[in-house]
Amino acid sequence: MACLNNLIVAILALGLQCALGRAGVVDPDLLERASTSTDTTRDWWQVAQFYQIYPRSFKDSNGDGIGDLQGIISKLDYLKEIGVTATWLSPIYTSPMADFGYDISDFFDIQAEYGTLSDFDELITEANKRNIKIILDFVPNHSSDENVWFTKSVNREKGYEDYYMWHDGYVNASTGVREPPSNWLQAFRGSAWEWNDVRQQYYLHQFAVKQPDLNYRNPAVVAQMKRVLTYWLDRGVAGFRMDAVPWCFEVLPDADGRYPDEPLSGYTTDPDDSSYLKHIYTQDLRETVEMVYQWRTLLDDYQRIHGGDTRVIMVETYSGLDYVMQFYGNRTTKGAQIPFNFQFIVGGNGDKNNTQLNAAGFVKIINSWLTQMPAGQTANWVMGNHDQRRVGSRYGENRIDLMNMLQMFLPGVSVTYQGEELGMTDLDISWEDSRDPAACNSNANIYEQFTRDPARTPFQWSDEANAGFSTNATTWLPINPNYVTVNVKTENATSPSHLSLYKQLVELRKQKTLQLGATRYANVGNNVVAIKRSLSGETTYVLVANVLDTAVSGVDVASALYATDNYKIKLLNPLAKASVG
């Protein structure tokens, strides 16, 4: 019989004996089959620890209050120290910064405030010395309206006439006023169509007005974006995280050139909110999946010609899982190696407040991916990113270690957003300090519903001024005052700490059992999540977590996991009142 105090998380090495209790609600045979592979080897990315860097907030090297490439270079040893295999950088391309780099005016150069191409080449060189791979954020759906391609398209220059999505719109017979071609809405509030006085047509922008959508039904655009990918592959990147992929294709107009209006969703009465409509004509089209297949072919061909390790594709999509799973590929065509698994972000409670999520809720999230993932593919676990509230703010600060332990213990790829290893949390940003267009396009009364700024605050390196992020008097976003205790310097000098546990997890994750082993998992009642990783001839590990803030006794983990041997405690979260061994 086991008694677990509130919010204890333990990883055990081989064997646990407990009295009979109430087991989980899912078929353990199904769960084991879903996550078992007969492969005895893994490609580098299949067991990788990916780490997302938001360059603007990572490290400022020149004292302007904004992070940059030299700042990243200066902290590569830290990435090595915490076991990072590859780091993907949010956009660093030339940009007017209307959406902080996701509005690209030159896909072939570096934003000046971040550095130069020489700085980027140095980053590749220095990262390679440490066996760290660099993944770039690829933004295929749109460019900046300051991109030369858009200027040429506005002026109808030969070869660029249809580079973007243009339409005349319609004159309202009653008012005589020209109106947009359809009711489509942008992600940042309001119509997705904007009138251009020079061209005398509307252009589509599913994000900000300054982010016109590229036309992927134009072969010239497809070829151009493949040139972008090849250019950065030539500079040494190991792959791409592909942004906002589901938006790349829209439905074709009818025979009269009309685009269909999208139906009301019923989710909100705010007609400017993107969720006011069901995006059945502007997202999740099959053509988008097939485009990702083309990009995979390009990366595989590049490796075949130039050699080196596998180049990877990571796809951002919050779509339904039936659509997401298509990105993996099929029996005849390879797709993305890593379609992002956002189930720990979108799963649980609908408002993304999972501070009270019980064990069955955790198991449901895990199960949703592993049971729908196509056979032979590799799972991945993304707990957070620059667009979402931080893990400690969504699941509770007392669950930070739990989330890191789950991410490192579950099979496949882990993806950590900068600062989650420290337990960084959101900072409430005032309307006056807001920078995110998703917030700034609203108003002071409702901006907090949309803002992504709270998770983008500068990285907390030390307890010194500005958290050691910058020597400037001010930083581009305010720094969380908790940096005095939540920072790399302090946590490196303290044990236990979030960072010290994270490093132990990284080391544990190198074990063959965690890289190659089968996975069985269940909830035992409302409190306990239990996961077993096993591999013939290797040590078996069990993770036992009381995810609620109430103690529980009589927990029968053994029956739920078919784990009947004697186990010793290998790792504990700092809240646990027990001892290793």
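## Parallel sheet, helix α10 and cysteines

Asp137 stands opposite Arg241 in strand β13. The model is predicted, and this residue pair is a convenient place to start reading its sheet.

**Strand β13 and its neighbours.** Asp137 falls within strand β7, residues 133-138, which runs parallel to β13 and is joined to it by three bridges. Strand β14 (residues 312-315) also pairs with β13 in the parallel sense, over four bridges. One contact between these two strands sets Gly239 against its bridge partner Val312 in β14. The chain links β13 to β14 through helix α7 (residues 286-306), and the three elements make a right-handed β-α-β unit.

Are the two faces of β13, residues 239-242, covered or open? Both are covered. Gly239 and Arg241 lie on one side, Phe240 and Met242 lie on the other, and all four are buried.

**The whole sheet.** These strands belong to an open sheet of eight strands with parallel pairing, in the order β15-β14-β13-β7-β4-β3-β17-β16. Its edge strands are β15 (338-339) and β16 (380-382), each of which pairs on one side only. Elsewhere in the sheet, β3 pairs with β17 in the parallel sense, again with four bridges. There, Phe50 stands opposite Val415 in β17.

The strand pairs described here are listed below.

| Strand pair | Sense | Bridges | Residues opposite each other |
|---|---|---|---|
| β7 (133-138) and β13 | parallel | three | Asp137 and Arg241 |
| β13 and β14 (312-315) | parallel | four | Gly239 and Val312 |
| β3 (49-53) and β17 (413-417) | parallel | four | Phe50 and Val415 |

**Helix α10.** Helix α10 covers residues 359-370, 12 residues in total, and reaches 17 Å from its first C-alpha to its last, close to the 16 Å expected at 1.5 Å a residue. At its start, a side-chain oxygen of Asn358 comes to within 3.2 Å of the backbone nitrogen of Ala360. The helix is mostly covered, with 10 of its 12 residues buried. Among them are the hydrophobic-side-chain residues Phe362, Val363, Ile365, Ile366, Trp369 and Leu370, while Asn367 and Ser368 are also buried. Ala359 and Gly361 complete the buried set.

**Cysteines.** How many disulfides does the model contain? The count comes to zero, with a pair of cysteine sulfur atoms required to lie within 2.5 Å. Cys248 is buried, at a relative accessible area of 1%. Cys440 is partly exposed, with a relative accessible area of 35%.

Notes:
Residues numbered from 1 in each chain as written. Predicted model: local features only at pLDDT ≥ 70, side-chain atom pairs only at ≥ 80, totals over all residues. Heavy atoms only, no water. Expected span 1.5 Å × (residues − 1). Buried < 20%, exposed > 50% of the residue type's maximum accessible area, 1.4 Å probe, protein only. Polar contact = N/O pair within 3.5 Å; in protein donor to acceptor, adjacent residues only side chain to side chain. Pairing = 2+ DSSP bridges. Right-handed = clockwise from strand over helix to strand, strands pointing away.
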